[in-house]
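Work through the exercises below with the model open. Try each task before reading its solution.

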2 protein chains.
Amino acid sequence: MPRQNVLSPFPQSSHVHARCLKVAVGKAEQACRTRGARLTSLRRRVLELVWRSHEPVKAYDILDRLRAERRGAAPPTVYRALDFLREEGFVHKIESLNAYVGCGEPGHLGSGQFLICRHCGEVAEIDDGDIAALIADRARQLGFASERQTIEVDGLCGDCRAAR
Amino acid sequence: MPRQNVLSPFPQSSHVHARCLKVAVGKAEQACRTRGARLTSLRRRVLELVWRSHEPVKAYDILDRLRAERRGAAPPTVYRALDFLREEGFVHKIESLNAYVGCGEPGHLGSGQFLICRHCGEVAEIDDGDIAALIADRARQLGFASERQTIEVDGLCGDCRAAR
DNA sequence: TTGCCAATTGTTATAATATAACATTTGCAA
DNA sequence: TTGCAAATGTTATATTATAACAATTGGCAA
């Protein structure tokens, strides 16, 4: 059995997204209580905006929405909130897109692997221990000690393949 | 035996880098002849600047050096040359660094896997078929068709681990 | 309770990365 | 040799991110 853990699946097109958002925020609240971290209203709002969909969100898109709600929102407002959310593992940055996506399993450490559909733009996150272990192993053979892995796979998700 | 191919190793500190550069440019010239692509003097110069070391190079660092040599160098000068070199597989972008690194095996297709030393900054490139296959396989189990993989591993290279 | 400290947020400015759009030049082939 | 496509020049601007310092807030020790 593969040590695979689907942290955020590609959702059914019919899924009720409000549920995803609510679950994610709830998990973040719980994690913050446990850790003694502060999920302020600003940070919570940015987390909600990241979770508006399963597509990665641009920092400046978040900023545009924040500006509509709070006077004085500026780039540092967003980037500082994102920094916090990333440190706590509630949000990941997709390096190949310069965009941010919610993490389905905030408690969970490690960076995961991202599947990015080039057609619908949605992202699924998995955490496959075999992949991580194989990469660490092959790096080790070259004397390299792996500490962090960035794995982003572009392609077509099942729905978009089927729709072709 | 792993299907591992080291495209660019971490070099010995004693290595004669001029040789790396010469070999890389020679391979690019050969590949361009074969493919009917044009390695103009600008593109060749940018390739040389990317190959100044085994550390990824920033686009604007390349631009600064170009400006010292040619009047009128501007961001598009560099980005267009990098686009060409990337399309031909002579250069890769390290997404997590927004920087560019030479490819040791230009003929070779596929995106490879990058080992990035957080201490010395140098990068090695491998192309491990087992890693690529495992990722494609696990994605496939979720209905996802992998087309391109971005794999960047941060850690410590052998020399830097030893020096600690 | 008060006043202090650290964390958070506000504010202004700027740095760093990248592309758009159009003009000019170059190299090659009909 | 001229005409076209590719390459490069040129100017402007878009996008992504951080620096630096000020103001505010929230908890907690005296």
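A disulfide is a pair of cysteine sulfur atoms within 2.5 Å. Keep that cut-off for the first exercise. The model is predicted.

**Exercise 1. Cysteines**

Task: Find how many disulfides there are over all chains, and explain why A:Cys103 forms no such bond.

Solution:
- Step 1. Take A:Cys103. The closest cysteine sulfur belongs to A:Cys20, at 13 Å, which is too far for a bond.
- Step 2. Check the burial of A:Cys103. Its relative accessibility is 2%, so A:Cys103 counts as buried.
- Step 3. Move to chain B. From the sulfur of B:Cys20, the closest cysteine sulfur is that of B:Cys103, 13 Å away and too far for a bond.
- Step 4. Apply the rule to all chains. The count is zero.

**Exercise 2. Symmetry**

Task: Determine what rotation superposes chain A on chain B, and which residue of chain A comes closest to the axis.

Solution:
- Step 1. Two copies of a chain are related by a rotation about an axis and a shift along it.
- Step 2. Here the rotation is 180°, the shift along the axis is 0.0 Å, and the RMSD is 0.0 Å. The copies are therefore related as by a two-fold rotation axis.
- Step 3. Locate the axis. In chain A, A:Ile151 comes closest, with its C-alpha at 2.4 Å.
- Step 4. Compare the interface residues. 100% of those in chain A are also interface residues in chain B, so the copies meet through the same surface.

**Exercise 3. The core**

Task: Identify the residues with the most contacts inside the largest nonpolar core, and the elements that supply at least two residues each.

Solution:
- Step 1. This core has 28 residues, and A:Phe144 and B:Phe144 have the most contacts inside it.
- Step 2. Assign the elements. Strand 4, helix 5 and strand 6 of chain A each supply at least two residues, as do strand 4, helix 5 and strand 6 of chain B.
- Step 3. Follow B:Phe144 beyond its neighbours within four places in sequence. Its contacts include A:Phe10, A:Leu115, A:Val153 and B:Ala139.

**Exercise 4. DNA strand C**

Task: Work out which element gives the largest share of the surface near DNA strand C, and which atoms of the strand B:Tyr60 and A:Thr40 approach.

Solution:
- Step 1. Of the 20 residues around the strand, A:Thr40, A:Arg80, B:Lys58, B:Tyr60 and B:Lys93 come nearest.
- Step 2. Helix 4 of chain B gives the largest share, four residues.
- Step 3. A:Thr40 places a polar side-chain atom 2.4 Å from a phosphate oxygen. For B:Tyr60, the partner is a base nitrogen, at 2.6 Å.

How values were computed:
Residues are numbered from 1 along each chain as its sequence is written. Chains are lettered from A and ligands numbered from 1 in the order in which they are written. This is a predicted model: local features need pLDDT of at least 70, side-chain atom pairs count only at pLDDT 80 or more; totals for chains, interfaces and linings use all residues. Side-chain values use heavy atoms; hydrogens and water are left out. A nonpolar core is a set of buried Ala, Val, Leu, Ile, Met, Phe, Trp, Tyr and Cys residues joined through side-chain atoms within 4.5 Å. Buried means under 20% relative accessible area, exposed over 50%, partly exposed in between (1.4 Å probe, protein chains only). Contact means heavy atoms within 4.5 Å. Copies are superposed by least squares on the C-alpha atoms of residues with pLDDT of at least 70 in both. A residue is near a molecule or strand if one of its heavy atoms lies within 4 Å of it. A polar contact is a pair of N or O atoms within 3.5 Å; within protein, one must be able to donate a hydrogen and the other to accept it, and residues adjacent in sequence count only if both atoms are side-chain atoms.
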